[in-house]
Amino acid sequence: IATFIIVLAVLRIWSGAFGDLGTFLGLLSAGIAIALADVFLNLAGWIYIITRRPFKAGDRIEVGGMAGDVVDIRVFRFTLLEIGNWVDADQSTGRLLHIPNGMLFRQGMANYTEGFAHIWHEIPVLVTFESDWKLAESIVREQLTPYHMKDEERHAAREFREASRRYFIRYKELDPIVYVTTKDSGVLLTARLLIHPRQRRSVDDAVWRGILEAFNEEPSIDLAYPTIRTYRGPEF
């Protein structure tokens with residue numbers, strides 16, 4: 001009985017508003033807009049994708065903490081073949097991620113391959129303080145020699161010039177380089193080079209195999225790891 005009385009009271013209050021067709025249609029459209037807000041947002045996201053083209057099928061992107069290769073684009077969502085997560089070096093996990101198009105308006109997005117289809121990759125090599133770090137540096141540089149290939153250099157340079165026309169991207173050096181610094185456990189040699197986004201694991205594998213084989217033949221070089229050293233002062 002109480003529910004019936006409340007419904008009657010509410011209908012009486014709103015009967016005047018519903019008597020006006022314009023007000024009724026306005027309330028109805030507002031209700032529909034609120035109920036279907038996500039649907040409209042996803043549709044707007046699809047229009048944004050096909051007009052502004054922040055990515056296309058085949059691109060590698062990251063949005064909302066999820067990364068992968070775009071394998072499908074539809075009206076209300078796009079699909080990624082996931083990379084990373086529990087798999088290292090940006091390799092595929094085999095899972096498909098279905099992401100609503102509207103997320104593009106709520107989360108930042110990174111595109112690995114748009115404009116300049118290369119990324120900077122770094123390989124840290126830590127040797128002990130007692131090691132001949134200059135020899136170690138020359139060995140690391142030698143392992144980067146295959147990535148000085150002239151054809152690849154020209155291709156990357158051409159892509160860079162094209163990207164710099166569209167975006168304010170400025171790099172003074174595109175060749176591989178080795179930086180030297182120190183850490184708690186030794187001397188850190190950081191190899192930095194341009195690679196294709198899908199080559200991270202293969203490049204790591206090739207470079208590390210060469211480094212380990214070369215270091216194994218040099219008794220003056222040892223890889224470092226966290227250690228504790230104890231020094232005894234003079235006894236009195």
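## Salt bridges, a greasy patch and some odd backbone angles

Arg60, Asp69 and Arg198 are tied to one another in a network of salt bridges. This is a predicted model, so read what follows with that in mind.

Q: How many salt bridges does the structure hold?
A: Side chains of opposite charge can pair when their charged atoms come close. Here a pair counts if a side-chain nitrogen of Lys or Arg sits within 4 Å of a carboxyl oxygen of Asp or Glu. On that basis the total for the structure is 11.

Q: Which residue forms a salt bridge with Asp38, and where does that partner lie?
A: Asp38 belongs to helix H3, and its partner is 68 residues away, so to speak in a distant part of the chain. The closest N and O atoms of the pair are 3.4 Å apart. The partner, found in the loop between strand E4 (92-100) and strand E5 (109-111), is Arg106.

Q: Is Arg106 buried or exposed?
A: Exposed means over 50% relative accessible area. Asp38, at 47%, falls short of that and counts as partly exposed. Arg106 has a relative accessible area of 58%, so Arg106 is exposed.

Q: Which parts of the chain does the salt bridge between Glu82 and Arg95 tie together?
A: The two side chains meet at 2.6 Å, N to O. Glu82 and Arg95 are 13 residues apart in sequence. Glu82 lies in one strand and Arg95 in another, so the parts tied together are strand E3 (residues 77-83) and strand E4.

Q: Why does Glu82 count as buried?
A: Its partner Arg95 is partly exposed at 38% relative accessibility. The cut-off for buried is under 20%. Glu82 makes that cut because its relative accessibility is 5%.

Q: What is the N to O distance in the salt bridge of Arg77 and Asp72?
A: Arg77 is partly exposed, at 26% relative accessibility. Asp72 is partly exposed too, with a relative accessible area of 23%. Their side chains meet in a salt bridge with an N to O distance of 3.2 Å.

Q: Which helix gives the most to the nonpolar patch?
A: The patch covers about 890 Å² of surface, and its members include Leu25, Leu28, Phe40 and Leu43. Two elements give two or more residues to the patch: helix H2 (21-35) and helix H3 (37-52). Leu28, for one, lies in helix H2 and is partly exposed at 42%. The biggest giver, with 5 residues, is H3.

Q: What is the angle at which helix H4 and helix H6 pack?
A: Two packed helices are described by the angle between their axes and the distance between the axes. For H4 (residues 133-143) and H6 (residues 200-216), the axes are 9 Å apart. Residues making the contact include Ala136 and Ile139 of H4 and Val207 and Gly210 of H6. The crossing is right-handed, and the angle is about 145°.

Q: Which residue, Asn85 or Ala89, counts as buried?
A: Most residues other than glycine have a negative phi. Asn85 goes the other way, with phi near 55°, and Ala89 has a positive phi near 60°. Asn85 is in the loop between E3 and E4, and is exposed, with a relative accessible area of 57%. Ala89 lies in the loop between E3 and E4, and at 19% relative accessibility the buried residue is Ala89.

Technical notes. Residues numbered from 1 in each chain as written. Predicted model: local features only at pLDDT ≥ 70, side-chain atom pairs only at ≥ 80, totals over all residues. Heavy atoms only, no water. Patch = residues over 30% accessible without salt bridge, like charges linked within 9 Å, V, L, I, M, F, W, Y side chains within 5 Å. Areas by Shrake-Rupley, 256 points an atom, 1.4 Å probe, with all protein chains shown as cover. Helix = DSSP H or I, 4+ residues; strand = E, 2+ residues; numbered from the N terminus. Buried < 20%, exposed > 50% of the residue type's maximum accessible area, 1.4 Å probe, protein only. Axes fitted to C-alpha atoms, helices over the stretch in contact; angles between N-to-C directions. Left-handed = near helix turned anticlockwise from the far one by under 90°. Contact = heavy atoms within 4.5 Å.
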